[in-house]
Amino acid sequence: MNIKKSVLTWFNYCIAVVIVASAYFGFWQSTNAHAVSDLSNSVIHHHKWENPITGEVIQRESSEPPIYITYKSGSTLGNYYGANKKFWQEMYKGEYLWYSPVPPAQLIESNKDEDRYQIRDNRLRVWGNGFNPAEAGTWFVDRTFNHNLKKGSYDIDKRWTYGYNGYNTGTTKIKVSYSYKNQVYNYIGKNYEWRYLGYSDSGSIVDNPYFPPEYPTEPDWHPSKKLWIWEPWRDFSSLGAGHYEESQRTTYDLSGKKSKWIEELFLTKNPEFVLEQKPGETKKQVYQRSANYWKDAILLKNNPEWSTGIARMYHNGNAPGKDGLWYMVWVLKTPDQPNLRVTDFKIIDPENGKVLGHVYRNAEKNSVLSTYVKIDPQANLKRGKEYKITARVKNMEIEGEGKGKATTYEPLGLDLHLAYDDNVHLVGSYDESHYNELNHEKAGKSPVGRTSIEYLQTAGFEVDNTGAEWSFTVPEANIAKEEMKIRIEIPIGHYLAGENVISEDDFAEITLPIEKEDIGTLKTANLTEASGLPTEDIMPNTAYDLHFYVNKPFGETPVGDPNNLAANPFASLQVIVKNSEGSKVYNVVAEKTLYEGQTIQLTVKNVMSGNEPWLEAEWQIRQVHRDLLQSTVIENDGPYQQRWQSEVNIAVQNFELFPQVVYRAQGQPAGSENVKACYEVTNMNPKGDSRQIVHVITNMITGQKWTFDDVFVGNKEQKICKDLGTVNLVIGDNPFMVEVNPDTGGGRRWKEYLNNGNPYADNVDEQSILVVQNIAEQYCETVHTRNDWSQKYTKTRYYQTYKQDSIRDEDGYIIGWSAPYPYDEYLFTNHETVAHYETYSIEQAIFKSRDYDGDIMTDKGKIRAGYGFELEIDVNYQTNVDKTAPKPWNMGRPGQREDVYPLVVPVTMPEALYIEMPYTDENGQPIRYKLEPIAIKGNWDDKTITYGLPQRDAFGKETNRRIYFNETVANGTYNIKVDTEAFYGYTPKTPVPFLLCDSANLSIEVLGSNADDVKSHVTQ
């Protein structure tokens, strides 16, 4: 075996930019010499194809790639496949040309069961012999089945283990199941990766560059580390069926252009193979020498002028401690190819011009195949309606001067395929197809006919040659039930004519739902007495009629055909009626046909209530209508429920505790208070009976309970007050709960009912007593709300020049410039003095009580003793520093800027505000509160902070910032004193003698008390 160890030093090595190698797979043991062989003599090229249906003939030039190939009888592959087996030209992913047993999707001869599994080399071997690292071994679909199929694809820009893209990332969607050793393997729908996807036109198998390696190369891979095999086609005669063919020279490997292809296409794509440049040697010379060096180690598998070239190289040994023959796959630089692309496809409602579906693609580069699909979420196709189609096809740009040309295949049109329901999701299955429809652009009122698409031009498809819009019609329900796929395709003739080699962008398709038939039932029902009068009240042991409603929101087929009720029955409901004694099921059927837009009534007569005053019904559309597709939207089918009952309800509300607020001196405990509780009780029942109702009041902190069972409440709202005696309290909120008609363990004394909601939810009310512990005094000793000063600023301006050096190639020509670097610098300093000011003041105080809501900085607030109030005070800080101080600047160009000192620094306002109330604690000290920020408005140089009272959330009730005037406060006017914290203000300013500080007195008028609102009530 001709093995050569590379001991060269290498030029321009950078593994990060090495492009592709699909795989390092396959472990071969046998190696023997064999003569050179060209497989092309077993292949027949077919440049002509006749459409078996239309008789249309496509003819290519002999210098162009064949449309398809076959193998000669008597050849190895001819005997395997048969002489008539066609392998069709395929431009895979827009880059790799090979010949596949899977015909193009548009081809009339296409068979949806064709699959890459037919390729003999994908079925012939099991590779690897278990010789895999743990990670790479998991890439196999089934190690016992076939190592030629893997679960995902490999990143062609990486050669090491982490180039694996992950599960279900393969470039081939599996379409058929496979059998191996009497076991069936079903991977239909999976995106997996075959080792081989086709043959070259010379007949040899072509490696799939996306196939993951059996044993990935180490991350520090380099050509100098491999024992390469020179002239491998001479050595592999005893490898067994299939292996020998892979190592044989193709027509392109024997071509006199091989060295040129390696120089221009292989080395530019894989620069790590370029040898070290010798003294005096030009870049072209070293590339030529490198090409001559490597050409006998490289096998070209296809024509690199027709598509991206694929090459294979062999080396001895790969895994640590393992010898054997391995191969590596490379790709060459990609030549561009002629291509037509569907760039735009729309389905339009002709009534309103609304676009129901839109597919659009990148129209600039062949290599960027970005497809976007936008579907109107409200789109529904109507049966029997005609919809408009528009499309655009572009003759794409080709790299290389003079390669672009206009299309020649005629007639110029698009294929239209329609699929319904199950066929929507099957590849290549259509219910209706229209080939090469003549369609044209519309200019004004006349169609513009085209016979070809000029290079770089876009053809529109909107109207036929009579001026009629291109359209399709949605079939009736017996043909299409739920959805419809509309697909357009560039006719296969362009592909076969060699002017559209990439087939992946030849189509666009949109799937839309078809408007369905439906019936539904309304969510509400009606109740009538036997006399027919509507009612909402239920009396025990009484007969009623229940009325339900069924409508048909959409669908043109009437519901209920008297002559064919088995296929089209009348609308019906299943109804379950419940009372206190049990339940009963009714099937209620309409007596007339239901039409679109109509609503009909279905009635259940003589439904009896039980011993309790309630009835309940549950109803829904019967299953038979869904089975027959009369009802297709289950959301309006039910089941729905409704309950009728006479309301029996006991409720409590307006729970109050006295005292509401207790004030303690700073540092003093909460202690205890004599507490009185008042609340309103409502007793509602159909007969208007007075009832003896249990009341329980609970201290939610200590768990102490007070139970009262001595009050009769009539059929009205009644206020109750109870003395709870001396109660121990804690600092902060002391929550209490009152509950009427409670569950005392043996159930509730009175059973309650509500038509809507939980009847016992209003049996509970909560309230709390707030114990406030006073805080230390905090005053603004000297009111000072403004500072004025002059600030001196130093400004330094910089001027800097930059320089660039030329970069030259080995022949002395300038090929670029270095990055700019500093060359010289100047600076200039001057000063500027600016007058500044700052203010800090209380702006407004919003007072909110039951009797007043407004600003009490200029007015007098009003409140009743015993009621709460909220207070929100705005404090503003303002300065002109940020607007008038000089600013540093930078022109965005090297060497031109100005610095300023001192820089402007934002100001942080105080976090607290203090108020002093007109009443005192037990030590005679005024009650004080620390207010906190609740809102901030403006930038730092003109900021207003709104301060509010501490937030209360007693017992989960409504959150508020309320405090109370004691209920014992006499009528009169009282003052609330407000003080800010003193602070320095703007920090970098020229020193000033005073801190900023403000104070205000607010007036509150007390008019009466909460006792004035008390109604007549029972006090015990």
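Student: Before we look at anything else, what does "buried" mean for a residue?

Tutor: Buried means under 20% relative accessible area, exposed means over 50%, and partly exposed covers what lies in between. Keep in mind that this is a predicted model. In its chain of 1020 residues, buried residues make up 50%.

Student: How many helices and strands does the chain have?

Tutor: There are nine helices and 64 strands. Contacts add to that picture: among those with a separation of 6 or more, 69% join residues 24 or more positions apart.

Student: And what is the accessible surface of the chain?

Tutor: The total is about 47,000 Å², and carbon and sulfur atoms account for 48% of it.

Student: Let's turn to helix packing. How are two packed helices described?

Tutor: One gives the angle between their axes, together with the distance between those axes. Here, take helix α5 (residues 258–269) and helix α6 (residues 283–294): their axes come within 9 Å and cross at roughly 110°. Since angles of 65 to 115 degrees count as roughly perpendicular, α5 is roughly perpendicular to α6.

Student: Which residues make that contact?

Tutor: From α5 you have S259, I262, E263, L267 and T268; α6 contributes K284, Y287, Q288, S290, A291 and N292.

Student: Now the backbone. Which peptide bonds here are cis?

Tutor: Two cases to look at are the bond from E410 to P411, with omega near 0°, and the bond from F658 to P659, with omega near 5°. P411 sits in the loop between β22 (386–395) and β23 (413–420). P659 is also found in a loop, this one between β39 (649–658) and β40 (661–664).

Student: What about phi: where should I look for a positive value at a residue that is not a glycine?

Tutor: Try L456, which is not a glycine yet has a positive phi of about 70°. L456 belongs to the loop between β26 (446–448) and β27 (458–461). N654 is another non-glycine case, with a positive phi of about 50°, but its place is in strand β39.

Student: How do I classify the accessibility of L456 and N654?

Tutor: Use the cut-offs of 20% and 50% again. L456 has a relative accessible area of 39%, so it is partly exposed. N654 is at 44% relative accessibility and therefore counts as partly exposed too.

Student: Which residues make a nonpolar surface patch?

Tutor: Y799, Y826 and F828 make one of about 360 Å². A residue needs over 30% relative accessible area to belong to a patch. Y799 is at 39% and counts as partly exposed. You can find Y799 in strand β49 (residues 786–803).

Student: Finally, how do I read the surroundings of a single residue such as P918?

Tutor: Begin with its place, which is strand β58 (residues 913–920). Then ask what touches P918: leaving aside residues up to four places away in sequence, its contacts are F965, Y974, N975 and I976. Take F965 as an example of sequence distance against spatial distance: P918 and F965 are 47 residues apart along the chain, while their C-alpha atoms are separated by 9.3 Å.

Student: Is P918 buried or exposed, or something in between?

Tutor: In between: with a relative accessible area of 28%, P918 is partly exposed.

Definitions and conventions
Residues numbered from 1 in each chain as written. Predicted model: local features only at pLDDT ≥ 70, side-chain atom pairs only at ≥ 80, totals over all residues. Heavy atoms only, no water. Helix = DSSP H or I, 4+ residues; strand = E, 2+ residues; numbered from the N terminus. Buried < 20%, exposed > 50% of the residue type's maximum accessible area, 1.4 Å probe, protein only. Contact = heavy atoms within 4.5 Å. Patch = residues over 30% accessible without salt bridge, like charges linked within 9 Å, V, L, I, M, F, W, Y side chains within 5 Å. Areas by Shrake-Rupley, 256 points an atom, 1.4 Å probe, with all protein chains shown as cover. Salt bridge = Lys/Arg side-chain N within 4 Å of Asp/Glu carboxyl O. Axes fitted to C-alpha atoms, helices over the stretch in contact; angles between N-to-C directions. Parallel < 35°, antiparallel > 145°, perpendicular 65-115°, else oblique.
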